[in-house]
Amino acid sequence: MTNLSIGSRVALIAVLSTFLTVVVLSATAYNGLIRDFESVLTQRQLLDAESIANRVDQDLQVRIQALGAFAATLTDGRNRLSQDRIEALLGRQPSLSEYFKAGLLVFDENSVAIAENIYVPNRIGTSYSDRQHFREAYETREPVISRPIIGRTTGLPLLSFLYPIKSDDGDLLGFSGGIINLAESGIIPKQQDAASEVLFKVIDTGHFMQVDTLSGANPMPDLPPPGEDLIIDAALSGQTSGVVSDHSGKKWIYATQHLDRVGWMFLRAVPYQQATQPARASFDKFLAASAVALLALAAIAWLLARATTLPLERMSLRIREMATEGFAANRLSLKGPPEVRNVARAFNKLMKEREALDIMKDDFVSTVSHELRTPLTSINGSLKLLRSGAAGTLPEKADSMVDIAFRNSEQLQRLISDLLDFNKAIAGQMPISLESVDPVEAIRDACDGNEAMAKHYRVPLRLGSCPKDSVIADPTRLRQILDNFISNAIKFSPIGGSVTIWSESTSTGMVRIIVSDEGSGVPESFLPRLFERFAQAESGSTRSKAGTGLGLAICQELAKLMDGKVGYFYGNGANFWVELPNNNIVSRNNINESAGNPFRGG
């Protein structure tokens, strides 16, 4: 964002505002679509579950009515028919046998089986009065359909139908009964194909078992324990419809319908995605139209912003040119809208004042430095004489005070010398005498000159590997650069650390001399100002690192005067380097140029 122009920012703000508006509207519309499709899908599941429950109820009603018609034929109005006639009638019921493939039976008034159309060992003569549905039928004298039961003699999951046999006076003469095998009857709708991702379950809420999974191998399957099947748990919670997530995080829309006749709950569930897919399809169309409109608006906003801010952008280019070229550059033109003219006028005035201030500062520093240098030289010389004993032996306290004064005068003299050197360097008045210099010798001389300081700080100096190349440099100025790098490295190295000075050849025809320490390096926030004058990084160390803040700035100016450059990088410590032209490569280039030019040379 910080690198964008004002025009781009204005356009971006307009586009972002529109984009946010579209996003809010889109989110609102999408949520509305989702809720609508969710409601529609829920209603469809409710209707489907109700339709299945009604079909099952009608099926049961047809069977119980057919069984009632058969029960009416088993009495003459006063008494139950004889055993022979009952058995004969059982054999003549093909349609009824299709309804009750597991068997047709006749029971006496005591709930004892007296006749059957399909022989099952030990069923005739068995009393079923202990069965719940028999007790209910005996008490109510009304047709009864049992809950799923296990056949006492067959061991199969059954559904038992009972219809009372009554006389004309309403006396109970017995029961006609029909049995269906739930595992084979087809009365329970089969679960949908797994590919359709529709869940369908039939739950007996009285016995808490899943009726649709009845089989000979699993005659009375219990429901999963609470918490295992979250969809069944939601259905049994009393909510007839809703949205639930399974253990995998997949969302489902479910609906239930209860069939009171048999105490069954019909549960249907479909993935929530079936609601979101059509909503997303509609939303995608809306989003595509919004995207086209947004792109058109972005283009218009960008063109308008560019037209509005173009004068200001031109002004910023001129300001950058002035910053690069310095005070010699032309001032900004006072043209354009009033706001732009006011900014240009204010900037021109600021540049004029800055130019005057900079000149005054340089003059002041130069004057003060020259005026201070002469008396400071006398003071420094006098202090040297006092330290050497020229005025006699001094008392111990006086000698200590002279030492302190001498060190401070030396520091002040270095500051003044740095100021003068820097002013000469930037003015191009620093005398430079270029010659071929051996980097190894230059490094050794610098190490020897800083050995006393290294011992004082207990930081050894080490000479690293150096290629056999020479550089084109001023030996005195190169030594000044190396002294500055080495003294900084010593001061900022931890006790016990070391400083290594080495060189390497670069691919650009230069030789890089590197001074490496084992300190914590330069703070990231200070790097942009590292080679500026009077710049010093904050340090938490208690060791003295006093300096003028001019050393690195002078090194940079000296390197430029020798066609080189300085720099810094961090790698297990601070690494300051200076690059100077490789004398071997420069010499070869000069020879090649002389060989190719017949007018050059002796």
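**Group meeting: a walk through a predicted model**

Let me start with one residue: Asn 450 counts as buried, at 8% relative accessibility. Buried here means under 20% relative accessible area, exposed means over 50%, and partly exposed is in between, with a 1.4 Å probe and protein chains only. Before I go on, a word on what you're looking at. This is a predicted model, where local features need pLDDT of at least 70 and side-chain atom pairs count only at pLDDT 80 or more, while totals for chains, interfaces and linings use all residues. Residues are numbered from 1 along each chain as its sequence is written, and side-chain values use heavy atoms, with hydrogens and water left out.

Back to Asn 450. Where does Asn 450 sit? Asn 450 is in the loop between helix 9 (439-449) and helix 10 (451-457). When I say helix or strand, I mean DSSP runs numbered from the N terminus: H or I with at least four residues for helices, E with at least two for strands. If you skip the neighbours within four places in sequence, Asn 450 is in contact with Leu 461, Asp 483, Ile 486, Ser 487 and Ile 490. Contact just means heavy atoms within 4.5 Å. Take Leu 461: it is 11 residues from Asn 450 along the chain, and their C-alpha atoms are separated by 8.6 Å.

Okay, zooming out. The protein has 602 residues, and 38% of them count as buried. There are 13 helices and 18 strands. Of the contacts between residues at least 6 apart in sequence, 61% join residues at least 24 apart.

How confident is the predictor? That's pLDDT, its confidence in each residue, from 0 to 100. The mean for the protein is 81, and 84% of its residues reach 70 or more. There are stretches to be careful with, though. Over residues 539-544 pLDDT stays under 50, and the model has 9 contacts beyond four places in sequence for them. Residues 597-602 also stay under 50, with 2 such contacts.

Now the cores. A nonpolar core is a set of buried Ala, Val, Leu, Ile, Met, Phe, Trp, Tyr and Cys residues joined through side-chain atoms within 4.5 Å. Which members of the largest one touch the most other members? Those are Leu 478, Phe 485, Phe 576 and Val 578, out of 41 residues in that core. Helix 11 (residues 475-491) gives the largest share of this core, with 7 residues. Apart from it lies another core, of 35 residues, including Leu 67, Ala 71, Leu 74 and Ile 86.

Let me pick out Val 578. Beyond four places in sequence, its contacts include Leu 478, Ile 481 and Phe 485. Ala 559 is on the list of Val 578 contacts too, and Ala 559 is one of the buried residues of helix 12. Helix 12 (residues 551-561) is mostly covered, with 8 of its 11 residues buried. After helix 12 comes Asp 563, which has a positive phi, near 60°.

Cys 555, also in that buried set, brings me to cysteines. How many disulfides does a search of the whole structure find? The count is 0, where a disulfide is a pair of cysteine sulfur atoms within 2.5 Å. Take Cys 447: its closest cysteine sulfur is in Cys 466, and at 9.4 Å that is too far for a bond. Cys 447 counts as buried because its relative accessibility is 10%. Cys 555 is buried as well, at 2%.

Last stop, helix 4. In helix 4 (residues 132-140), His 133, Phe 134 and Ala 137 are buried. Seen down the helix axis, they fall within an arc of 105°, so they line one face. That arc is taken from the directions from the helix axis to the C-beta atoms. The face turned away from the buried side carries the exposed residues Gln 132 and Glu 139. What covers the buried residues? The cover includes strand 1 (103-108), strand 5 (157-166) and strand 6 (172-181). Right after helix 4 comes Arg 141, with a positive phi, near 55°.

One more residue from this neighbourhood: Ser 146, in the loop between strand 3 and strand 4. Buried or exposed? Ser 146 counts as buried, at 2% relative accessibility. Outside its neighbours within four places in sequence, Ser 146 is in contact with His 133, Leu 159, Ser 160 and Val 262. And His 133 is one of those buried residues of helix 4.

Notes:
pLDDT is the predictor's confidence in each residue, from 0 to 100.
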